[in-house]
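Me: I am new to this structure and would like to go through a few of its residues with you, one question at a time. Could you set out the reasoning before each answer?

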Amino acid sequence: MAGSARVGRGHGMSVGSVFGRSTDVIRTNPVATLGTSFVLMALPQLLTAQIGRGGAIFDGVRDGLYVAAGLYVLVIGALWLVASGALVQATIAHDQGREAAVPEMLRVGVLRILPLFAVYLLFTIGVMIGTMLLIVPGVMLAVMWSVSLPAIVAERTGVFGAFGRSRTLTKGARWPVFGILLLALVIYSLASAAVGVASVAGSGSFAAIAGGAEVATPRVPLLAQLLQSVVTTVMLTWFTIVGASLFVELRHWKDGPDADRLADIFA
């Protein structure tokens, strides 16, 4: 009886339910979600592009400045992990019927940064190895482990426990999970490509109008990069919260909704 009920709820999981939940998380708490993503993900790269003139840091690799380039990647990666953990916490709070404050989100992101890094590293290595084996195994692992990152933030499962929890939650729903993630990836890629093309086209048009004036041209890349940062912030926030929303939907399917289940974890 219980098993049949859970299967029935699983059929209710759809693109609409996952996308709708992710949109609601952002809509009900836009400052915390979008603001956190912009400050931690987009702004550091935007500032670096201006101060270091884009690829200057990576140009240093060719000059033997490996430490500087490595430190840059480490800092950007750490900020991304903190932002990811913070957005998962915002999604969990939304499932509990409340809005997560920025300090709460950042605290969770910082506290979970090392487990998040370990899960992300093992996830990447496993999927890469699987992809080299005729692609299909990599896709299967990606789907099976797709909610391991939210699991380690929301339930503190431990690194290997996160993979096991994701495997359990996705079992019996992996085709829907694959479809949802594929559609989200396509939407994210198309939006990113569109703003990239628009930025290049805008820069090219301005350069033609300015006649290649060297004094005026720096402003346009800044405006183009700012636009790209804003769009990237929105899309990265949405894409990350889609993953967290998928975790919540799968957990409701397998365990049933329980808004109070995690209330004591972050007390």
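Reply: Gladly, and please keep in mind that this is a predicted model. A place to begin is L134, which is found in the loop between α7 (113-132) and α8 (136-144).

Me: Is L134 buried or exposed?

Reply: L134 sits in the loop that runs between α7 and α8. A residue counts as exposed when its relative accessible area is over 50%. Because the relative accessibility of L134 is 73%, this residue is exposed.

Me: What is the phi of L134?

Reply: Most residues other than glycine have a negative phi. L134 is not a glycine, and yet its phi is positive, at about 70°.

Me: Where is I135 found, and what is its relative accessible area?

Reply: I135 is found in the loop between α7 and α8. Although I135 is not a glycine, it has a positive phi of about 70°. The cut-off for exposed is over 50%, so I135 counts as exposed with its relative accessible area of 51%.

Me: Is T170 buried or exposed?

Reply: T170 belongs to helix α10, which covers residues 159-170. Buried means a relative accessible area under 20%, and since T170 has a value of 0%, it is buried.

Me: Which residue has its backbone oxygen 3.4 Å from a polar atom of the T170 side chain?

Reply: Leaving aside residues up to four places away in sequence, T170 touches V143, M144, S146, V147, V177 and L250. The backbone oxygen that lies 3.4 Å from a polar atom of the T170 side chain is that of M144.

Terms used
Residues numbered from 1 in each chain as written. Predicted model: local features only at pLDDT ≥ 70, side-chain atom pairs only at ≥ 80, totals over all residues. Heavy atoms only, no water. Helix = DSSP H or I, 4+ residues; strand = E, 2+ residues; numbered from the N terminus. Buried < 20%, exposed > 50% of the residue type's maximum accessible area, 1.4 Å probe, protein only. Polar contact = N/O pair within 3.5 Å; in protein donor to acceptor, adjacent residues only side chain to side chain. Contact = heavy atoms within 4.5 Å.
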